[in-house]
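Student: I'd like to go through the labels people put on a fold and ask what earns each one. Can we look at it together?

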Amino acid sequence: MTSLASLDPAARDALHAKTREAYEAFKSRGLKLDMTRGKPAPEQLDLSSAMMSLPGNGDHFAEAGDDARNYGGLQGLPEARALFAPMVQAPPAQIVIGDNSSLALMHDCIAWALLKGVPGSVKPWSKEEEPVFLCPVPGYDRHFAICEALGIRMLPVPMTGQGPDMDVVEKLAADPAVKGMWCVPKYANPSGETYSDETVRRLASMETGAPDFRLFWDNAYTVHHLTATRHPLADILALCEEAGHPDRPFIFASTSKVTLAGAGIAMFASSPENVRWFLGRSFFRTIGPDKLNQLRHVRFLKDMAGIEAHMEKQRALIAPKFQAVLDALEARLGGTGAATWTTPEGGYFITVDTVDGAAQRTVALAKEAGIALTPAGATSPYGRDPHDRTLRLAPTFPSLSDVKAAAEGIALCILLAGLETEKAA
């Protein structure tokens with residue numbers, strides 16, 4: 001592969017002039033495109049339109065005869081917990097069904113841990129000298145935002161293609177100040193990788209300095225495949241129990257990108273002791289979740305086969321958008337050394353690494369050309385990418401034609417920013 005740095009000055013200047021001309025032509029089109037967030041497109045939401053009439057007039061009784069219109073049912077309907085048990089790899093008795101946001105459940109768990117501690121805590125986390133979380137990088141900016149908002153120090157851990165670098169994780173986790181770790185173990189946000197069996201085993205069995213260490217296992221993309229291949233994920237709950245650390249995982253998932261993003265169902269799963277802890281804290285927060293929405297999901301999705309069939313329809317809509325981005329990156333950047341990128345087989349994002357020092361400039365050029373991108377640095381704690389190279393692209397929400405146009409512009413911006421950076425070096 002030819003790198004931009006290896007080009008002789010005349011060749012680089014010629015490529016820069018040609019790329020600048022193409023960029024100005026693109027900018028003159030006056031487009032307004034948004035590739036910032038991993039939101040479902042309207043067509044994806046339309047796949048769940050039938051839910052709007054469910055559970056239906058008079059259909060408000062659960063299997064056990066409970067009236068879903070009323071208070072109560074803090075843990076969630078048994079049939080809803082059974083429906084989602086395969087998604088979170090936990091027995092129904094060890095699942096709690098929340099309302100629409102798994103992020104809210106994560107926030108609650110950290111807030112409760114700070115205020116009250118978790119099973120195994122000697123004292124609340126807020127009474128510790130300075131609680132710390134391990135943060136795989138690139139990672140999810142909303143995870144980092146929770147830590148920053150609640151005063152938890154973050155330590156970055158590099159990703160390897162098989163999950164986080166476990167040598168680094170095991171070394172850092174030996175510090176008693178390290179209370180938790182963020183994990184998006186399947187089709188990770190934003191790198192798209194799935195943790196290997198060995199990575200999951202090491203996370204389950206490693207020794208930690210804190211007796212109340214928790215894995216915040218955000219399995220947001222567990223059924224979100226982009227190919228016909230169904231990549232398995234090792235069972236963290238079973239492996240932790242086998243290793244003698246049954247309380248280690250806090251597992252989260254939701255239907256936000258399965259059914260209706262603003263009206264989905266969130267799930268928490270863990271050991272029996274952690275579930276008792278969670279329900280004990282929830283008792284003071286709510287008199288019960290939205291059980292009608294739980295019934296709606298049970299009626300619509302029916303079982304795991306129904307979930308998988310529904311997600312095949314989702315895949316048909318979004319896989320071409322991912323391919324359009326990959327095609328544009330290859331057409332403009334292939335062989336230039338200006339960037340590398342992931343080819344995800346699931347999830348919602350494509351990660352692009354520019355040449356060092358070019359990510360912020362790429363975002364600025366894109367903005368001038370009418371393309372909104374996630375800020376450079378968002379995939380690192382505190383929004384600071386020390387290499388200024390990682391970009392997260394979110395192709396799902398725009399139409400396919402808009403994705404194609406945006407991808408063309410983004411590739412131009414990456415190349416132009418890379419040439420400018422190398423010229424200035």
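Tutor: Start with helix H4 (residues 102-116) and helix H5 (residues 141-149): their axes come within 11 Å and cross at roughly 30°. This is a predicted model, where local features need pLDDT of at least 70, side-chain atom pairs count only at pLDDT 80 or more, and totals for chains, interfaces and linings use all residues. Residues are numbered from 1 along each chain as its sequence is written, and side-chain values use heavy atoms, with hydrogens and water left out.

Student: Why are H4 and H5 called roughly parallel to each other?

Tutor: Angles under 35 degrees count as roughly parallel, over 145 as roughly antiparallel, 65 to 115 as roughly perpendicular and the rest as oblique. The angle here is roughly 30°, so H4 and H5 are roughly parallel. Axes are lines fitted to C-alpha atoms, for helices over the stretch in contact, and angles run from 0 to 180 degrees between N-to-C directions. H4 passes H5 in a right-handed crossing, meaning that the near helix is turned clockwise from the far one by less than a right angle.

Student: Which residues make the contact between H4 and H5?

Tutor: H4 brings Leu103, Met106, His107 and Ile110, and H5 brings Arg142, His143 and Ile146. Contact means heavy atoms within 4.5 Å.

Student: And what makes H11 and H13 roughly parallel?

Tutor: Helix H11 (residues 304-333) and helix H13 (residues 400-424) pack at about 30°, with axes 8 Å apart, so they are roughly parallel too. Their crossing is right-handed. Ala324 and Ala328 of H11 are among the contact residues, as are Ala407 and Ala411 of H13.

Student: How do you know that Thr19 is buried?

Tutor: Buried means under 20% relative accessible area, exposed over 50%, partly exposed in between (1.4 Å probe, protein chains only). Thr19 has 1%, so it is buried. Thr19 sits in helix H1 (residues 9-27) and touches Leu412, Leu415, Leu416 and Leu419, not counting residues up to four places away in sequence. Cys413 counts as buried as well, at 0%.

Student: Why is H10 called largely enclosed by the rest of the structure?

Tutor: Eight of the eleven residues of helix H10 (residues 291-301) are buried, so that description fits. Among them are Leu295, Val298 and Phe300. The buried residues of H10 pack against helix H3 (78-88), E2 and H11.

Student: What leaves one side of E2 and of E4 without a neighbour in the sheet?

Tutor: The open sheet has seven strands in the order E2-E8-E7-E6-E5-E3-E4, with mixed pairing. E2 (95-97) and E4 (153-158) stand at the edges with a single partner strand each, so one side of each has no neighbour. Neighbouring strands are turned by 20° against each other on average, direction ignored.

Student: How do you know that E5 and E6 pair?

Tutor: Two strands pair if DSSP finds at least two bridges between them. E5 (residues 178-183) and E6 (residues 214-218) have four, in the parallel sense. Met181, for instance, has Leu215 in E6 as its bridge partner.

Student: How many disulfides does a search of the whole structure find?

Tutor: Zero. A disulfide is a pair of cysteine sulfur atoms within 2.5 Å. For Cys135, the nearest cysteine sulfur is that of Cys147, 5.1 Å away, so Cys135 is in no disulfide. Cys135 is also buried, with a relative accessible area of 0%.

Terms used
Helix = DSSP H or I, 4+ residues; strand = E, 2+ residues; numbered from the N terminus.
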